[in-house]
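Trainee: Got a minute to go through a structure with me? I'd like to start with the charged side chains.
Mentor: Sure, put it up.

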Amino acid sequence: MNMLSRPRFQNALKALALLALAVFLYTRLAGGVLFFYINQRFVAYTIFAIVGLVMVALSYRPTSRQDKADDALHSHYRLGWAGLAIVMAPIALGLLVPPQPLGAAAMQNREINVASQTRSALPAAVRAAAQKGAAERNLLDWLHAFSTSPNPAQEFAGQPVDVIGFVYHDERLGENEMLVNRFVVSCCVADASAVSMIVRWPDAASLPNDAWVQVKGVLQPGEFNGRALPIVVAQEVIPTALPNQPYLYP
Amino acid sequence: MIVERPKASSPIEGSPPLPVDASDRRMRLMRWGLTLLVAVGAVVAIFSDALRGGGAPYLYQRIQTFVTIFLGIFIEAVPFLIAGSIVSGLIAVFVDQAAIDRYLPKAALPAALVGGGMGMVFPVCECGVVPVVRRLYEKGLPLSIGVAFLLAAPVVNPIVILSTYSAFGWGPVFVGRIVFSFLIAAVVGFLFGRARPEAVLRPAVCQLHHDASHPVHSHDHSHHLPNAPVGLRLRQAFNLAGDDFFDMARYLILGSMLAAGMQTLVPQSTLLAIGQGSVISVLAMQALAFVLSVCSTVDAFLALAFAGTFTTGSVLAFLVFGPMVDIKSSLMFLGVFQRRIVVYLITLPMLLSLLMGVWWNLNVRW
């Protein structure tokens, strides 16, 4: 009899695989890297998943009490090597490739919402953003704020800016310019879209893609891709560590 | 539409029909072939991309992006899959087949309507609904109810209705999403009213379905165990939940990989450059919904990002079609239905929601 098809071995295998997935999810949670993958309001769901996986794994524990129970419990699904390999793939990939939030590499493939794009949606968030003081706005708040104005380039000129984001050098930008960006994640990184501001800074070229920076400066009317929009003229660009929550949540 | 085709009979007279094992094996071979093809294609695409784009560091960044998106979809979906599996296990053990037989309609039209509304009772998203439907089929659920439930439940359930409301508020998108999801699911379910289970379901599921509808020999396969102590019955339920989880997780993981691969390789701008045409925008948003494979509980927030630039009909199509069918769920369908039927289950909602989106763009001014 093939080892794989012995009921006891099957049960042990299934239990271990489920526990491995639970432990994997727990390490993401405990290591603080869960926010690289999903919106923070889904953390509770992940905790539920860990509990559920452990509960299901425990149901495969060997029965010692009565033979009758062994007869009554039966399962039809046989986990093969291929199935096991697929189920373990997330763990393998998660361990082989060190966790990293989406960054400059993902920018090339995604829509970039350079602040000033008009959006009719998100009324509540827009109102909240408009009430914030200029220096407290993050990149997403700025995007919302610009969307309320028919001519943001003029209206916001001279306002102070203090934002955090990662650097991305877009080909369409000038010599001393860079994009400073955050990804906005409503559910998981599959739906990430970037919000960006153009920053003018003499040493922009010295900052590599993906470097996290805090930018302090002043807004001035500018232009990108033929559209009028505000540009941050930086007074200070301070390298910072990766924030605990790399993404913004709408 | 769904015609039962007699199984290719063997030329030798009187020989038994194709054994279940053989067709299952062929199916598995086919699936592996397909997976391998996609994997090779992806590797070729990544490498050719890397050669153009700047060598090893670039390639590594791409792989990193792929892994992050893949794990994002997977970690997001696992809670819903395990929840669906546990519900499925509990149904297997605690729901009486006779009750399904007695209370649920068998005629195609009422069955399709009931199936379309059943999500209000079982609030599951598109990952959770598949194991639940399969289990209900094994309990003898009529085909129409199952198909309508499968397609409608990810939208027509309290959680998703609430999330859509909080994203869009009362308006055309909110109302349209719920009404059209229900209608399209009911129509597709209705079309399955005349189909024979053995032409639709996978052999393993069909066998139990058959036994359930002919209760004479049902006690052999039933997990119902009415006389066992509750603790044991619960354990049996969780055992079955684990089996379901493993079975479905394979499709979920392969589907998430495909979706992540597409997102890493296909620039979104190719799809989004076409936001305003009445027909093309609908097609683009359907393609986007299929590729992104985002859970239905939150896709409303995502659709919000397109509400300004895309036609309303196309946003609706995204919200109606996406939860019914996407890369990961259509792979998961393979665990319940025969391949040919999975093709119907993808194309019918696709065409119907396309029709809906285009009609909306041309005729509705809300």
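Mentor: Start with Arg196(B), which is partly exposed at a relative accessible area of 41%. Keep in mind that this is a predicted model.

Trainee: OK. Which residue does Arg196(B) form a salt bridge with?
Mentor: Glu198(B), with the closest N and O atoms 2.8 Å apart. Glu198(B) is partly exposed as well, with a relative accessible area of 36%.

Trainee: How many salt bridges are there over all chains?
Mentor: Eleven. One of them joins the side chains of Arg172(A) and Asp170(A), at 2.9 Å from N to O.

Trainee: Is Asp170(A) buried or exposed?
Mentor: Asp170(A) is buried, with a relative accessible area of 10%. Its partner Arg172(A) is partly exposed, at 48%; the cut-off for buried is under 20%.

Trainee: And what does Arg134(B) pair with?
Mentor: Arg134(B) makes a salt bridge to Asp244(B), and their closest N and O atoms are 2.7 Å apart. Arg134(B) is in helix α5 of chain B, residues 126-138, while Asp244(B) is in helix α11 of that chain, so the bridge ties together parts that lie 110 residues apart in sequence.

Trainee: Buried or exposed, those two?
Mentor: Arg134(B) counts as buried at 8% relative accessibility. Asp244(B) counts as buried too, at 4%.

Trainee: Which residues are in the salt-bridge network with them?
Mentor: The network links Arg134(B) and Asp244(B) with Arg135(B), Glu138(B), Asp247(B) and Arg250(B).

Trainee: Where does the charged end of Arg250(B) sit?
Mentor: Over the ring of Tyr251(B), 5.2 Å from its centre. So Arg250(B) has a place in the salt-bridge network and also a position over an aromatic ring, because its CZ is within 6 Å of the ring centre and within 35 degrees of the ring normal.

Trainee: Anything like that in chain A?
Mentor: Arg137(A) lies over the face of Trp142(A), at 4.8 Å from the ring centre.

Trainee: Switching to rings, then. How many aromatic pairs are there over all chains?
Mentor: There are 15. Take Phe245(B) and Phe246(B): their ring centres are 6.1 Å apart and their planes are at 70°, so that pair is edge-to-face.

Trainee: How accessible are they?
Mentor: Phe245(B) is at 1% relative accessibility and counts as buried. Phe246(B), at 0%, also counts as buried.

Trainee: Which residues form an aromatic cluster with Phe80(B)?
Mentor: Phe42(A) and Tyr45(A), so that one cluster takes in rings from chain A and chain B.

Trainee: What about greasy spots on the surface?
Mentor: Leu90(B), Phe94(B), Val230(B) and Leu234(B) make a nonpolar surface patch of about 310 Å². In chain B, α2 (55-94) and α11 (230-265) are the elements giving two or more residues to that patch. Leu234(B), for one, is placed in helix α11 and is partly exposed, with a relative accessible area of 35%.

Trainee: Last topic. How many helices and strands are in chain A?
Mentor: Eight helices and six strands. Along the sequence the pattern reads α-α-α-α-α-β-α-α-α-β-β-β-β-β.

Trainee: And how much of chain A counts as buried?
Mentor: 54% of its 250 residues. The chain exposes about 11400 Å², with carbon and sulfur atoms supplying 56% of that.

Trainee: What about contacts far along the sequence?
Mentor: Taking contacts in chain A between residues at least 6 apart in sequence, 68% join residues at least 24 apart.

Definitions and conventions: Residues numbered from 1 in each chain as written. Chains lettered and ligands numbered in written order. Predicted model: local features only at pLDDT ≥ 70, side-chain atom pairs only at ≥ 80, totals over all residues. Heavy atoms only, no water. Phe/Tyr/Trp six-rings, centres within 6.5 Å; stacked < 30°, edge-to-face > 60°. Buried < 20%, exposed > 50% of the residue type's maximum accessible area, 1.4 Å probe, protein only. Patch = residues over 30% accessible without salt bridge, like charges linked within 9 Å, V, L, I, M, F, W, Y side chains within 5 Å. Areas by Shrake-Rupley, 256 points an atom, 1.4 Å probe, with all protein chains shown as cover. Salt bridge = Lys/Arg side-chain N within 4 Å of Asp/Glu carboxyl O. Helix = DSSP H or I, 4+ residues; strand = E, 2+ residues; numbered from the N terminus. Contact = heavy atoms within 4.5 Å.
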